[in-house]
Protein chains: 4
Amino acid sequence: MKAARIVKLNEPLQVQELQTPTAIGSQVLIKIQSSGVCHSDVHVWEGYYEGIQGQQLKTTDRGVKYPLTPGHEIAGVVEGLGDQAEGFTKNDKVLVYPWIGEGLCPACRIGEENLCDKPRSLGIYTDGGYAQYVLVPSYRYLVKMEDDMDTDTSAPLSCAGLTAYGAVKNANLKPNENVVIVGTGGLGLMAIQLAKAITGAKVIAMDLDDKKLEVAKKNGADIIINSKKEDPVKAIMELTDKLGADAVIDFVNASKTVETDMQLLRRRAKVVLVGLFGGELKLSLVTMPTRAYKIIGSYTGTINDLAELVSLAGRGAIKPVVSNRFKLEQATEALTMLKDGKIIGRGVINP
Amino acid sequence: MKAARIVKLNEPLQVQELQTPTAIGSQVLIKIQSSGVCHSDVHVWEGYYEGIQGQQLKTTDRGVKYPLTPGHEIAGVVEGLGDQAEGFTKNDKVLVYPWIGEGLCPACRIGEENLCDKPRSLGIYTDGGYAQYVLVPSYRYLVKMEDDMDTDTSAPLSCAGLTAYGAVKNANLKPNENVVIVGTGGLGLMAIQLAKAITGAKVIAMDLDDKKLEVAKKNGADIIINSKKEDPVKAIMELTDKLGADAVIDFVNASKTVETDMQLLRRRAKVVLVGLFGGELKLSLVTMPTRAYKIIGSYTGTINDLAELVSLAGRGAIKPVVSNRFKLEQATEALTMLKDGKIIGRGVINP
Amino acid sequence: MKAARIVKLNEPLQVQELQTPTAIGSQVLIKIQSSGVCHSDVHVWEGYYEGIQGQQLKTTDRGVKYPLTPGHEIAGVVEGLGDQAEGFTKNDKVLVYPWIGEGLCPACRIGEENLCDKPRSLGIYTDGGYAQYVLVPSYRYLVKMEDDMDTDTSAPLSCAGLTAYGAVKNANLKPNENVVIVGTGGLGLMAIQLAKAITGAKVIAMDLDDKKLEVAKKNGADIIINSKKEDPVKAIMELTDKLGADAVIDFVNASKTVETDMQLLRRRAKVVLVGLFGGELKLSLVTMPTRAYKIIGSYTGTINDLAELVSLAGRGAIKPVVSNRFKLEQATEALTMLKDGKIIGRGVINP
Amino acid sequence: MKAARIVKLNEPLQVQELQTPTAIGSQVLIKIQSSGVCHSDVHVWEGYYEGIQGQQLKTTDRGVKYPLTPGHEIAGVVEGLGDQAEGFTKNDKVLVYPWIGEGLCPACRIGEENLCDKPRSLGIYTDGGYAQYVLVPSYRYLVKMEDDMDTDTSAPLSCAGLTAYGAVKNANLKPNENVVIVGTGGLGLMAIQLAKAITGAKVIAMDLDDKKLEVAKKNGADIIINSKKEDPVKAIMELTDKLGADAVIDFVNASKTVETDMQLLRRRAKVVLVGLFGGELKLSLVTMPTRAYKIIGSYTGTINDLAELVSLAGRGAIKPVVSNRFKLEQATEALTMLKDGKIIGRGVINP
C-alpha cells in the first residue's frame, strides 16, 4: 500500500510503498476513503508546540516517533477482520476513533481513552490515515456510519468535530447561560452548531474577520462580535447586564485571546481552552477562588462522544464543510496550504 | 450592644456601642457566643489582596464598605425571631451561614449563595460577628447544632471548615486517586480529615514545616513531604509511578506553590486553588488541552455543604482546633497575632 | 379582592370577597393577570388521588386544608413589595414559582424546594392564583418576564411547562438515545419541544389519538405510534434493533401505560413517571437489577429550572397553547371542562 | 486442565479434563488460585430466577448455554499473554473483571460493560472460574493486586464486593443522609464497610437475625434494627424525626422486604434493588411523582469500580470474609451448602 510519511521534520512527506497490514486478534483493517488534514498534523510535521517564555514543546518529548504516517481523521470501509473482531462485516462504512489508549489507566477504564496516560493515537503515536489502509487495534474503535453519510464530510468528525463537541460538553452550558466562542474557523463553527443543537444556551461568536462572523451567524450564533473593531470586554459586559460571560470556549488559546477571556467572565464562569496556538498567560491567582473561575483544558472527546456526534451528524445537526480535496501525493501541499491559512473549512485526502 | 469595628484600614478596631437590632420578617437575631478570627478578616482590615505584577486588589473594589464589623464565623443562640421566621425557637444553639447572596442569580437559585453575583456576606459586606449580636436576614441561614457541640470549636466550621470542605468536594476525589494538600495549617488539616472521611483517596500532605507535617500525619495524611527538604516534584513522581498527582488542593495559592503544583500533575489532574495569598502564575496555555488539566477556583461552600459538615463534625469526623480565645476588646490583638503567624489552630472571640 | 375558593370538595367554587394582603418583610404582592387551570387543581377539588388496590389517597392526608383558593400557575405584575424585598419594582411583569418549601430541609437547601419535606406550595397548601391578588412569601420566588412575553401563554410554564421540563431533565437524554413520550397532551407536547431543544435525542411520541399524534409530529416528534392501532412493544422493538427504548417519560402514569412501558425498555433504561392518573403496577423485582432499570418519580421542577424555561420560552423553544380563557366567576366551569376532557391545550383564568 | 462444569441443570457438576486454552491477540491466560462461590452460581445451576406471579425467568432465556463452567470471582496469576496483550508479565498476581461486554453498545463505550446489551460475562455466558485456568479476552479485564493481598479474600471482590460497591455508588449518599441496608449477609456487610469508608452517611442495618446484626455493628453500622422483633417502619420513623430514610439498599429484594422499604422512605428517597430473590411488588404509581422516589436496579459494577475497590481493599477499608474452602471436586458440595444457607461469609474453590 502507499502511505505519505513524515521522515524528516518540516521536509516534504515521502510517499512510500509499505506492506499492507493484516488484521489479527481484535484488529480491523480499514480501506481508507477519506483522511482529514488537521492543524495538529502541522504541529506533528513541524515537531513542536509553542510553550511559555518562547520555549518550544517538542513532539518527541510527548513520545512521537518518526518516520510516521500522520492522519487521524479517517473514514473508510472494513477490509479485513481478525478472528476476535466482531460487530462488523467487510465493506461496512465506518469512522475510526483515533484517540486510542493503553487500556489500563483510570481514564481508559471509564472510556476516556483520549486522556490516557500512555496514549497511542493513530497518526500521532502510530501510523495513521495518510495511506491507503490503516490497521485499527480493535473493532471497538469503529463507529458505523449510515449508508447515506459521506466519508469526506464525516472524516473530520473524529477530530475537528469531536474536539468541538468535547469542548461544548466541558462548558456544561445551561439554557439561561451565554457562551462566547472565540475563533470561528472549522472547530468554532461546529461548536456553534452543537451548542445550538443540545444546550439551549445563547451563543456569542467572536473573531477578527467579518466574513467568518457572517458564516457563524448563519450557522446559529445569536450574536457576533468583531474583536478587532470593538472592545470585546466592553461588548460582552453590555450584552450581559455587566455580569460577564457564563462560559468561554477558546479555539485559539493564545496569550492574547485568553488574556481577554479572563476579563469578560461572570463569577463562576468556565474558560474552556482548546486551541494549540499556545504561549503563556499571566494568571492572577487570588482571582481564581474569589471569583470561583474554572479553567478547563479540553482535548478531543471519548468514543462515546464520537458515537453521539455521528448520530447528530446523521440527522444534520452538524455539517463539517470540506473545501479542498487532495491525492495522497499532495499531502505536503495540503499541510503547507493549511499552515499558510489557505484552507477554509477542511482539507481531505482521498488516497 | 458592643461591636468591634474597622473604622480605618490598618488602624486598631474600635469597640463601639451600637443599637441591638430587632428581627422582623424572616430575620433572626443571634446572641453570639463564639466568633472565629479568620485570615480573610486580616485582608478586610488591610483593605487589599495581592494581584498580578505587584498590583493590589482593593477590598473596596469588591464592594466592601467601612466602617464594618468583621467576623463571619459565628455560633450562638437564637435571641429573637421575626414574624415569618420559623423552624427555630429562642435559645436554640445555631451556627450561622454567612455567605449570603441576593437570591436571584443562577448561583443563588441552586443554593450556591457563596458564589452570588452580588454577595452580601456577613462580616464582609454587612456587619458580622465581632459583636454581641448579629442580625441574620433569614432563618434559612441557620444550621441547628446538637446540644453537645461546643460553639468555640464549631464557629470555624462556617468558614475554615466550609472552605476546606468545598475544596475537597471540588477535587472530586476517587478511592484510587491521590491528592496533594499544599499547606497544612488549619484549613489543610481539616481538608485532610475530610478527604479521609468521605473519599477513600490517598492523602499526601505538603508543607515547609516538619512539626505541622507531623500533625498532618496524626490527622490522617498517608504520606508527608517537606518541600523545603526534598524536591516536591521528584518526590511526587516517585510516589506515583512517574504519573503525577491526580489532584492538588492548594491552601496557599501563591506564585511559588502553584508553579510547583503545575509540575507534579498527572494527565487529567485537577488543581484546586483556595488560598488568598495571591500573586501571578505564568501558565503554559498549550499544556492545558494536551494534558487536560483543570484549574478550579474554590470559594467556601454552600449552606447545604455546611449542614453536611455540621453533621460530620457532630460525629467527630472533623475537629477544628481552637488555640486562642479573645474578648471583644482584644479584636485588634487577635488580628495582629494572626497576621504575624502567632496563632496555631484558630482564634475565637467570645463577646 | 375577589377569589374563587374551594369550600367543600366537589361543590362549585365560591367567589368570595377577601381582604387584599399587604406585603411585609421579603414578601411581594402580585396583581394576577393570568392563572392557569391545571389538572392537579381537579384533584385538589375532588380531594383525592387514585392509589393501589382501588384505595384513594386523600389530599387532606397530604396536608391540604380547605377552604382554599386553588391555582398555582400565576403570571402578573408586581403590586407591592415588603421592606426587605428587592430586585423588582412595581409593575414588573413576573411569573410566580409556586413550589415553595419551608427552607430548611436538604432539598430546599440545594434549591429543590419543589421536593421539600414540608411543602407550602401556592394554590395547594396556601391560597393561590384563582384570585385578583396573591401574596408571594419572598421576591426570590419571582422570575422576571421579558416585556414581549404574554402572561396567558406564560402562566402554564410554572407547572405544566416546568413539569415537562423536570421530566426531560430527569430522563437525562443523550444525543444517540431515543425517548418514548407517553401521552401527547399539553405536557407531552412541551416535553417533545424541550427534548428537541436541549438534548439531541430521537423522540418517539405515543398516544391513542391520531389527531394529537399529528400535532406531536408538527411539534418535533421524530416518530409517532398510535398504541391503539399497533402493538407499542413490537413497534418500539422494531424501531430500536430489538434493543428497546433508552427512556420513557410517562405523562399518564396509569397501570396500563406503565405495564407497557416496562416491556419496551433497553437495558439501563429510565422510566420517568410524571402523570397523576395512578393505580398500581406489578413490578418484577428481579428484573430491576438484572436489567439495571431506573424508575424515577418526577415532580415539577426547581426555581432555577423555571428561570431556564422562561429563557427558552422567550426565544420560542417552547410554546404553551392556551385554548380557553375564563373569568374568575367561571372557575367551576373551567375545572369541570378540564375534568371532562373538553379543554385541548390549556385553560387560563383572567381575574 | 480440569474444570467443574454444569452439564445438566440441578445435577452434580462434572469434573472434566479440557484442553488448556492458549492466549492469542489481546487475550491472557490466568492460572486460577481462588474462585469464589456466589449465590448467582446457584441460579445458573438451577436454571431460573423467580419472576412475577409465580413465574420463573429461565437463565436460558437470558442467553445462558450449557454445559458451562461457572465461576466469576477469579483471582490468580498470569500464565500466558497473547501478542497484543500488554501491561502484565507472567506470574503477576491479578483479579479478573468478569462482567465483559461486546464493546460496541453505549454502556460498554463509557466503561459500563457490566450493563452491556449483549453481555458475555465469564462463568455465565462463557466458561469461568471453576477450573484450573481461564482465558480472559483482553488484558484490559485484569486488575493488578498488591503482592501482600491474598487471592482467597480478594476473589469475592469481583462480584460480591463489586455488587456492594456499585449499590453504594448508586445510592449516592451524602454525609447528612441516612441509609438503610436491608440484609446483612456478605454483601450487606461489605456495603456497610464501604458506606462508612467513602460517604460519611449514617448507616442503619436491618435484618432478622441478631447475630448477623451484631457483626454489622462491629463492621460499622451506626444503628441496627431486627425487623422480626420491632416494626421496621415505626423504628425508622422514630430515628428520622418522622421524615423517613434517605436511601435503602436492599440486598434481598423480595416482595416482603421491598414492600417494607417503600413505607419507610423520605421524600426524594432512593431505593436501590440489588438482591436476586425476586417476586413482585405492587407499586403505587401516583406516589412515585408526588413523593419523588427513585427505584434503581443495581447490577455489579464497572471495571473502574473494581480498580477503586481493590485500592480500598489493599488499605483495609473492606475485608471479605472467607469461611469455607473447597477443592474443584467439591464444587457441587459448595453450591449445595450455599443453597442451604450453610456458608456464612464466602466459600472459595482452590483448583
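## Exercises on a predicted model: the D–B interface and the A–B pair

In this predicted model, the interface of chain D and chain B holds six residue pairs in polar contact, both partners at pLDDT 80 or more.

**Exercise 1.** State which elements of chain D give two or more residues to the side that touches chain B, and classify the residues of that side.

*Solution.*
- Step 1: elements. These are α5 (186-198) and α10 (303-314) of chain D.
- Step 2: shares. α10(D) gives the largest share of this side, five residues.
- Step 3: classes. The side of chain D that touches chain B has seven nonpolar, five polar and five charged residues.
- Step 4: salt bridges. Charged residues are present on the chain D side, yet the count of salt bridges between chain D and chain B is zero.

**Exercise 2.** Give the extent of the contact between chain D and chain B, and find which residues of chain D lose the most area.

*Solution.*
- Step 1: area. Chain D and chain B bury about 1,100 Å² between them. Carbon and sulfur atoms carry 49% of that.
- Step 2: residues with most loss. In chain D they are Pro175(D), Asn176(D) and Arg315(D). Together they make up 42% of what the chain D side buries.
- Step 3: residue count. Chain D puts 17 residues into the contact, and chain B puts in 17 residues.

**Exercise 3.** Determine how chain B is related to chain A.

*Solution.*
- Step 1: operation. Chain B superposes on chain A by a rotation of 180°, with 0.0 Å of shift along the axis. The RMSD is 0.0 Å.
- Step 2: symmetry. The two copies are therefore related as by a two-fold rotation axis.
- Step 3: surface. Both copies use the same surface, as 100% of the contact residues of chain B recur in chain A.

Note on methods: Residues are numbered from 1 along each chain as its sequence is written. Chains are lettered from A and ligands numbered from 1 in the order in which they are written. This is a predicted model: local features need pLDDT of at least 70, side-chain atom pairs count only at pLDDT 80 or more; totals for chains, interfaces and linings use all residues. Side-chain values use heavy atoms; hydrogens and water are left out. Contact means heavy atoms within 4.5 Å. Buried area is the accessible area (1.4 Å probe) that two parts lose on being put together, summed over both. A salt bridge is a side-chain nitrogen of Lys or Arg within 4 Å of a carboxyl oxygen of Asp or Glu. A polar contact is a pair of N or O atoms within 3.5 Å; within protein, one must be able to donate a hydrogen and the other to accept it, and residues adjacent in sequence count only if both atoms are side-chain atoms. Helices (H or I, at least four residues) and strands (E, at least two) are DSSP runs, numbered from the N terminus. Ala, Val, Leu, Ile, Met, Phe, Trp, Tyr, Cys and Pro count as nonpolar, Asp, Glu, Lys and Arg as charged, and the others, Gly among them, as polar. Copies are superposed by least squares on the C-alpha atoms of residues with pLDDT of at least 70 in both.
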